[in-house]
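User: Please take a close look at one strand in this structure and its pairing partners. I am new to this structure, so give the cut-offs as you go.

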Amino acid sequence: IDDGLPDTAYTIAEALRDIGYNTGMFGKWHLGVKPPLLPSNQGFNEFIGLGYGDGDHFTHIDRLGNKDWWHNDKLEMEAGYSVDLITNHSINFINKNKNGPFFLYVSHLAIHFPWQGPGDPPQRIEGRDYRHDKWGIIPDRKNVQPHIKAMVEALDESVGKIMKTLRELDLEKKTLVIFTSDNGGYIQYKSGGFENISSNGPLRGQKGTIYEGGHRVPFIAYWPERIKAGEISDEIVMTMDMYPSFIKLTGGNSLNEASLDGRNILPILFENKKLPVRPVCWKKGKNRAIRVGVWKLNIIDGINYELYDLSKDIGESHNLSNEKPALVKKMLKQYWKWEEDVIPFIKNK
């Protein structure tokens, strides 16, 4: 609980703040739960939200039973549904900074635990441990979807209000807006007996797995002045690509682009160009995955291989590993090179 993003990390917010941007973050941080590991010490001029990975959407009590609603480095509990609070603070930040450059990170807690729509009851009270009762009050565990639907609709309404604010302030044509997520949805949660939670469409797997349903998420970029409406790209983009892209866009002089994990994706956004193929990797326990172009190799339990051509088999149902052993060997080598580079950093951070 005392771990988090090290203060030596030079974040997007710090890079943009250092060249004159006002920076704000509202919502879920999940990179440190108390000072000095909160966003106000990582480059954000203003932060209001929660440090822990989840909190009651009404009482703002975290999974351990602690108060968890911060204004910069101070606990400031606030009444209201989390989506509404995050939205209102985000809009206030835009209004306060309408005359100068700003960077706004809106990190909604919805649709994370507890599963509470605006009309659902609060669950958590201070001083009680909710690690084994983290889901909220769900009358029908076989059908969680109504609660998730209500949360998604609240989040959609939030996006609409923020976009309306940009239009009313004549900022729409001056602002790059990106909408994305961090992981796929749960379909079921076996340890609690929950079913019919959400949908990942044709994708196999769910949150917590290395299948496409676990990590393939929407990515929408909007900027009428620079991005052509209606264009779709099938390029592989990851959230870490936003750092070098924002630096390139704003003319910031932070880290050498070659030292960053991500890539500048502005050529995709502005010109719908393709990027050089690169390997991207995932690890969850003993399960691992690597994608290179259309090919995806899953390593299950550390010993079983599954190879898929995602251009023809997005549902990962036809294992080609026995038909293409040379490709499996090549991708395994690429994966282990990545893990050798990343794992020591994680252990020593």
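Analyst: Strand E2 pairs with strand E3 (residues 70-71) in the antiparallel sense, over 2 bridges. Strands here are DSSP runs (E, at least two residues), numbered from the N terminus, and two strands pair if DSSP finds at least two bridges between them. The model is predicted: local features need pLDDT of at least 70, side-chain atom pairs count only at pLDDT 80 or more, and totals for chains, interfaces and linings use all residues. Residues are numbered from 1 along each chain as its sequence is written, and side-chain values use heavy atoms, with hydrogens and water left out.

Within the pairing of E2 and E3, Gly49 stands opposite Trp70 of E3. E2 also pairs with strand E1 (residues 22-28); these two strands run parallel and are joined by 5 bridges. There, Met25 has Phe47 in E2 as its bridge partner.

E2 itself covers residues 46-50 and is mostly covered, with 5 of its 5 residues buried. Buried means under 20% relative accessible area, against over 50% for exposed and in between for partly exposed (1.4 Å probe, protein chains only). In a regular strand the side chains alternate between the two faces of the sheet. In E2, Glu46, Ile48 and Leu50 point one way, while Phe47 and Gly49 point the other way. The residues on both sides are buried. Phe47, the bridge partner of Met25, and Gly49, which stands opposite Trp70, thus point one way from E2, with Glu46, Ile48 and Leu50 pointing the other way.

Terms used
Helices (H or I, at least four residues) and strands (E, at least two) are DSSP runs, numbered from the N terminus.
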